[in-house]
Amino acid sequence: MSNEILQKVEQLTQNGRVEVPAGVKLPAATRFTDINDLEGMRTAGRLAAEVLVMLEEFVVPGVSTEQLDIIAHNYMIEQQGAIPAPLNYHGFPKSCCTSVNDVVCHGIPNDKPLKKGDVVNIDITVIKNGYYGDTSKMFFVGPVAAHAERLAKVTQECLYLAIDMVKPGIQLGDIGAAIAAHAHKNHYSVVEDYCGHGVGTTFHGEPQVAHYGKPGTGYTLEEGMTLTIEPMINAGKKQLKHSGPDNWIAKTKDGRLSAQYEHTLLVTADGVEVLTRRPEETRFA
């Protein structure tokens, strides 16, 4: 089966990336109250989730993150009529972020083949009709070590418990504190250098959503807001080091594993709608 997948990857990537079409530009905003705007966000979120689902079969030993990036890039443009938001964003050179093992975030796809036992976060952001959908998840390259699986599981739990808290009136300090408490209880650290963010007709906007904090403090969520929560959890210490062009690539300073999950969320009248929900996440259906 893996040979068939490798052949399919070769076929899908042999002609490289297709040209990026011109995009629709909308006024910058991260808060929405108009149903048309909300439908635009729902569409962008659904498409971002679909890219992650599509990529699942290709994350196997022998495939490079560069090939995964080409497949994602072409799928967004040719199949979805969307645009990959990361491409050329402040100089970022690729269409998605692929963060392998000790890379915390903003990993740049390259020609190095993935190997059995690697763990990789793939972060996808699409622009559709001027609206942004932003999401990421962890992928396992073949069987992985139990400690790597556990780190990914706890990181996803951190995201899910945060999502369950989202509703009008909740303060971001409460959400950050809950994420950090769950990570620390499991003997992990929380990355403090990066955060979630408002998202809408801009890629990154207010409010900033830290994954640590003090209960009873911080921005108060309101109905109609759209934002991401995307905890980055390290197996070792929280400190990072940076490398690559423009220092884009963030790695754990101690070389231990890191994991991340991300969803784009809409604050509703009585809770939350997960705009980037994948089909297997039936808890949010």
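## Close-up views of the model

**The β11-β12 hairpin and its glycine.** Gly244 adopts a positive phi near 85 degrees in the hairpin formed by β11 and β12, where five residues sit between the strands. What you're looking at is a predicted model, so keep the filters in mind: local features need pLDDT of at least 70 and side-chain atom pairs count only at pLDDT 80 or more, while totals for chains, interfaces and linings use all residues. Residues are numbered from 1 along each chain as its sequence is written, and side-chain values use heavy atoms, leaving out hydrogens and water. Element names follow DSSP runs numbered from the N terminus (helices: H or I, at least four residues; strands: E, at least two). Four bridges tie β11 to strand β12 (residues 249-252), and the pairing is antiparallel. Within that ladder, Ser243 has Ile249 of β12 as its bridge partner, His242 is matched with Ala250, and Leu240 sits opposite Thr252.

**The open sheet β3-β12-β11.** Zooming out from the hairpin, you get an open sheet of three strands in the order β3-β12-β11, paired antiparallel. Strands count as paired if DSSP finds at least two bridges between them. β3 (103-105) and β11 (240-243) are the edge strands, each pairing on one side only. From one strand to the next, the twist averages 45 degrees. β3 and β12 are joined antiparallel by two bridges, with Cys105 facing Ala250 of β12. Ala250 thus turns up in two views here: opposite Cys105 and as the bridge partner of His242. A handy reminder when following the side chains: in a regular strand they alternate between the two faces of the sheet.

**The open sheet β6-β10-β13, with α4 lying across part of it.** This is another open sheet of three strands, ordered β6-β10-β13 and antiparallel in its pairing. Its edge strands, β6 (189-190) and β13 (258-260), each pair on one side only. β6 runs antiparallel to strand β10 (residues 232-234), and two bridges hold them together. Look for Ser189 opposite Asn234 of β10. Helix α4 (residues 146-165) lies across β10 and β13, at about 35 degrees to β13.

**Helix α4 against helix α5.** α4 packs on helix α5 (residues 172-185) at an angle of about 155 degrees, and the axes are 9 Å apart. Axes are lines fitted to C-alpha atoms (for helices, over the stretch in contact), with angles from 0 to 180 degrees between N-to-C directions. Hence α4 and α5 are roughly antiparallel to each other. On the scale used, under 35 degrees is roughly parallel, over 145 roughly antiparallel, 65 to 115 roughly perpendicular, and the rest oblique. The crossing of α4 with α5 is right-handed; that means the near helix is turned clockwise from the far one by less than a right angle, and left-handed means anticlockwise. On the α4 side, Val154, Glu157, Cys158, Leu161, Ala162 and Met165 meet Asp174, Ile175, Ala178, Ile179, His182 and Ala183 of α5. Sorted by class, the α4-α5 contact has nine nonpolar, one polar and two charged residues. Contact here is heavy atoms within 4.5 Å.

**Helix α1 against helix α3.** Here α1 (residues 2-13) packs on α3 (residues 65-79) at about 60 degrees, with 9 Å between the axes. That angle makes α1 oblique to α3. The α1-α3 crossing is left-handed. Val9, Glu10, Leu12 and Thr13 of α1 meet Gln67, Ile70, Ile71 and Asn74 of α3. The α1-α3 contact breaks down into four nonpolar, three polar and one charged residues. For these classes, Ala, Val, Leu, Ile, Met, Phe, Trp, Tyr, Cys and Pro are nonpolar, Asp, Glu, Lys and Arg charged, and the others, Gly among them, polar.

**An aromatic pair between two loops.** Rings of Phe, Tyr and Trp (its six-membered ring) pair with centres within 6.5 Å; planes under 30 degrees apart are stacked, over 60 edge-to-face, and the rest tilted. The count by this rule is four aromatic pairs. Tyr89 and Phe203 have ring centres 4.8 Å apart and planes at 55 degrees, so the pair is tilted. It bridges distant parts of the chain, 114 residues apart: Tyr89 is in the loop between β1 (83-84) and β2 (97-100), and Phe203 in the loop between β7 (196-198) and β8 (205-209).

**Backbone oddities.** Asn88 isn't a glycine, yet its phi is positive, about 70 degrees. You'll find Asn88 in the loop between β1 and β2. Over in strand β8 sits Pro207, and the peptide bond leading from Glu206 to Pro207 is cis, with omega near 5 degrees.
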